[in-house]
Amino acid sequence: MSHGTKWMHYLRQWSAANVSSALIEKGQNRVIDASLTLIRERAKLKGELLRSLGSVKASTSLLGVPLGHNSSFLQGPAFAPPRIREAIWCGSTNSSTEEGKELNDPRVLTDVGDVPIQEIRDCGVDDDRLMNIISESVKLVMEQDPLRPLVLGGDHSISFPVVRAVSEKLGGPLDILHLDAHPDIYDAFEGNKYSHASSFARIMEGGYARRLLQVGIRSITREGREQGKRFGVEQYEMRTFSQDRHMLENLKLGEGVKGVYISVDVDCLDPAFAPGVSHIEPGGLSFRDVLNILHNLQADVVAADVVEFNPQRDTVDGMTAMVAAKLVRELTAKISK
């Protein structure tokens, strides 16, 4: 029995022992308030620093969301944020991005820490409320101009509350570039509306995206295609990537909407480049394919996420951690200006 499962078991025992539901809710509220206060104060400090430096239009701020329980197979992505941070600052490389920006410059990259997902779940908070807490955390970062959130997952279920927050905060829909082996658009995979395989169904239902482009797809079911047609999703499968390459490496997004959101599931890459994922799907993008798409994208990128890195399967000397870190580096360069 996991730590979180034990706490849920104890909560049920306390409830059965006539512990007041009001008392339990009061405890939950205190933990949530403390969690949001920590994010708020960190973001405030980073924002004040950048505003004092001046001439910064947009600066990437890392926010970890170590959530793994909505995975349909393995929950290892919950352990990813600290491993990605460790790899970002690993001494085997330097702090420069390929576009020449320096990550050790606070005008380029700051970090507001993690949403304490497990501590919140230990209090018995359900997923409806948990998703709201994630959304509120993202909004707290965005309130501190010029911070723009780059979220470290976690499984792909986090993209729904993050996109929702960005769209609501900016006051309109976004264009979304989604790199993934899977479309993650099931209505409710295995009965879970918040499954990592259902995040983009929730996003499209909510009207948070004008356009959704899914690139790298190579594991898609009939429902995935039907849902794609239902929501008007532009799905680019790997079997036709050679034909689509030029267009995908020269995208221009975001005209007429509030900005562009990029969601990178690490399993968009062929497992030769990133074996440390829960769902290994051969025949994917090369790392340079992904960088070409990101580097050449013409867009105002207002937020992004990197999800589904699973450290528990990263058995090749931390290679996938370095891959995820490199993705974060290059997304940081794309966001910051």
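The buried residues of helix H10 pack against strand S4 (174-179), strand S5 (209-217), helix H9 (241-248), strand S7 (260-265) and helix H11 (319-335). Helix H10 itself covers residues 287-296, and its buried residues are Phe 287, Asp 289, Val 290, Leu 291, Ile 293 and Leu 294. Keep in mind that this is a predicted model. Here is a quick tour of the rest.

**The chain as a whole**

- In secondary structure, the chain adds up to eleven helices and eight strands.
- The radius of gyration is 19 Å and the globule rule gives 20 Å for 337 residues, so the chain is as compact as a globular protein of that length.
- Laid along the principal axes, the C-alpha atoms fit a box of roughly 65 × 55 × 45 Å.
- Of the 337 residues in the chain, 56% are buried.
- If you take the contacts with a separation of 6 or more, 79% of them are between residues 24 or more positions apart.

**H5 against H6**

- As a bit of background, a pair of packed helices is described by the angle between the axes and the distance between them.
- For helix H5 (residues 127-142) and helix H6 (residues 159-170), that angle is about 45° and the axes are 8 Å apart.
- Angles from 35 to 65 degrees fall outside both the roughly parallel and the roughly perpendicular ranges, so H5 and H6 count as oblique to each other.
- The crossing of H5 over H6 is right-handed.
- On the H5 side, the contact is made by Met 131, Asn 132, Ile 134, Ser 135, Val 138, Lys 139 and Met 142.
- H6 brings Pro 161, Val 162, Arg 164, Ala 165, Val 166, Glu 168, Lys 169 and Leu 170 to that contact.
- Sorted by class, the H5 and H6 contact has nine nonpolar, two polar and four charged residues.

**H2 against H5**

- H5 also packs with H2: their axes come within 8 Å and cross at roughly 20°.
- The cut-off for roughly parallel is an angle under 35 degrees, so H2 is roughly parallel to H5.
- H2, too, passes H5 in a right-handed crossing.
- H2 makes the contact with Gln 28, Asn 29, Ile 32, Leu 36, Ile 39, Arg 40 and Ala 43, while H5 uses Arg 129, Ile 133, Glu 136, Ser 137, Leu 140 and Val 141.
- In the H2 and H5 contact there are seven nonpolar, three polar and three charged residues.

**Backbone spots to look at**

- Most peptide bonds are trans, and most residues other than glycine have a negative phi.
- Going from Asp 145 to Pro 146, the peptide bond is cis, with omega near 10°.
- You'll find Pro 146 in the loop between H5 and strand S3 (147-153).
- Gly 153 and Gly 154 are also joined by a cis peptide bond, with omega about 10°, and Gly 154 sits in the loop between S3 and H6.
- Ser 55 isn't a glycine, yet its phi is positive, near 55°.
- The loop between helix H2 (21-53) and strand S1 (59-65) holds Ser 55, and with a relative accessible area of 73% this residue is exposed.
- Glu 190 is another non-glycine with a positive phi, about 55°.
- Glu 190 lies in the loop between S4 and helix H7 (199-205), and its relative accessibility of 65% makes it exposed.

Key. Residues numbered from 1 in each chain as written. Predicted model: local features only at pLDDT ≥ 70, side-chain atom pairs only at ≥ 80, totals over all residues. Heavy atoms only, no water. Axes fitted to C-alpha atoms, helices over the stretch in contact; angles between N-to-C directions. Helix = DSSP H or I, 4+ residues; strand = E, 2+ residues; numbered from the N terminus. Parallel < 35°, antiparallel > 145°, perpendicular 65-115°, else oblique. Left-handed = near helix turned anticlockwise from the far one by under 90°. Contact = heavy atoms within 4.5 Å. Nonpolar A, V, L, I, M, F, W, Y, C, P; charged D, E, K, R; others polar. Rg over C-alpha atoms; globule rule 2.2 N^0.38 Å. Buried < 20%, exposed > 50% of the residue type's maximum accessible area, 1.4 Å probe, protein only.
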